[in-house]
Amino acid sequence: MASVASVGFLSLLGTSAFSSPQKPAVSSEKLSATQSLADLKAGNQRYSSGHPQHPHEGVKRLQDTALYGQHPKAVVLGCADSRVSPELLFDQGVGDIFDVRVAGNVANKDELASMEYAVGHLHTPLIVVLGHSKCGAVTAVASGEYLPGPNLNSLAVHITDAVNAVKKTKPELKGDPLVAASIEANVQESLEDIYQGSEALRSAIDKKEVLLVGAVYDLKTGHIHWLPAYTPKAK
Ligand SMILES: [Zn+2]
């Protein structure tokens, strides 16, 4: 997907495939998707058990990543919620995670474009869609709260699809159980939206160049519940 038109975009994001000198391998450059996923799982284990290592911080790391570019091991499409910071909860550092954060971890056009950049130009091998407990965006939709204005309405479209799917398959759920089921369904919705909404990402997933995984973070414990890796629905 590299093209002449993309060069400006590369510069805009502060790195360029054309400007990297002989670079020393920064730690995540050669990781496979499986290794990256294992690394995130181990990092969350450290974080949630109260033993984070805070890797890849400090002046040397800043200098290396500024000079030689970024090679993030994962894209995390997560919620903008202030309690769900990927670098913290995965115990990662500078240059490790390509963050795409938006209320409700939805995959609209701008989010898809950001992920396409990470996969196409930075060769990031793993995409994680990270929902979380007590998500305000999902709770608002699930409880039928009025969301004023076209921007919030646009954000709520995909969340509404997820909530409606839960209401259809499990009509008995109300209140907190409905919200919890909707949060996981909303992660599944974003996985599907990534696959269906981006030709570039779909191609990379089909070729197994990229692994797509969903997860739900528990605000109270710091634990992550991992969902099975995404597999396209049978046609
Ligand atoms: Zn949220």
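**Figure 1. No disulfides turn up in this predicted model.** Search the whole structure and you find zero disulfides. The model is a predicted one, and three of the sulfur and nitrogen donors below belong to a zinc site, with SG of Cys79 and SG of Cys135 among them.

**Figure 2. A zinc ion sits among Cys79, His132 and Cys135.** Which atoms reach the metal? The protein donors are SG of Cys79, NE2 of His132 and SG of Cys135, and they lie 2.1 to 2.3 Å from the zinc ion. Read along the chain, the donor residues follow the spacing C-x52-H-x2-C. The UniProt record (an unreviewed entry) puts its "binding site" feature at Cys79, Asp81, His132 and Cys135. Those positions are spread over 57 residues of sequence, yet they cluster in space, with a largest C-alpha distance of 8.9 Å.

**Figure 3. A closer look at Cys79, in the loop between strand S1 (74-78) and helix H4 (86-89).** Is Cys79 buried or exposed? Its relative accessibility is 4%, and because the cut-off for buried is under 20%, Cys79 counts as buried. Skipping its neighbours within four places in sequence, Cys79 is in contact with a run of residues that includes Arg101, Val102, Ala103, Gly104 and Asn105. Its contacts also include Val84 and Leu130, plus His132 and Cys135.

**Figure 4. His132 and Cys135 are both buried.** His132 belongs to strand S3 (residues 126-132). With a relative accessible area of 0%, His132 is buried, and Cys135 is buried too, at 1%. What does His132 touch, once residues up to four places away in sequence are not counted? The list is Cys79, Asp81, Val84, Ile183, Val216, Tyr217 and Leu219.

**Figure 5. Gly43 in helix H2 (residues 33-48).** Gly43 has 0% relative accessibility, so this glycine counts as buried. Leaving out neighbours within four places in sequence, Gly43 is in contact with Leu89, Phe90 and Asp91. Gln92 is 49 residues away from Gly43 along the chain, but their C-alpha atoms are separated by 6.9 Å.

**Figure 6. Helix H9 (residues 199-206) and its buried side.** Which residues of H9 are buried? They are Leu201, Ala204 and Ile205. Because they cover an arc of only 100 degrees around the axis, they are on the same side of H9. Here's the helix geometry to keep in mind: an α-helix has 3.6 residues a turn, so residues three or four places apart point the same way. The cover over the buried residues of H9 includes helix H5 (109-121), S3, helix H8 (175-197) and strand S4 (211-217). Just after H9, Lys208 takes a positive phi of about 60 degrees.

**Figure 7. Two of the aromatic pairs, both tilted.** Across the whole structure, a search finds three aromatic pairs. In one of them, the rings of Phe90 and Trp226 have centres 6.0 Å apart and planes at 35 degrees, so the pair is tilted. This pair links distant parts of the chain, 136 residues apart: Phe90 is in the loop between H4 and strand S2 (97-101), and Trp226 is in strand S5 (residues 224-226). Both Phe90 and Trp226 are buried. Another pair is Phe98 with Tyr117, tilted because the ring planes are at 40 degrees, with centres 5.9 Å apart. Phe98 is in strand S2 and Tyr117 in helix H5, 19 residues apart. Phe98 is buried at a relative accessible area of 11%, and Tyr117 counts as buried at 1%.

Terms used. Residues numbered from 1 in each chain as written. Predicted model: local features only at pLDDT ≥ 70, side-chain atom pairs only at ≥ 80, totals over all residues. Heavy atoms only, no water. UniProt positions renumbered as here; feature names shortened; annotations may be inferred. Helix = DSSP H or I, 4+ residues; strand = E, 2+ residues; numbered from the N terminus. Buried < 20%, exposed > 50% of the residue type's maximum accessible area, 1.4 Å probe, protein only. Contact = heavy atoms within 4.5 Å. Donors = N, O, S within 2.8 Å, 3.2 Å for Na, K, Ca; no water. Disulfide = S-S within 2.5 Å. Arc of directions from axis to C-beta. Phe/Tyr/Trp six-rings, centres within 6.5 Å; stacked < 30°, edge-to-face > 60°.
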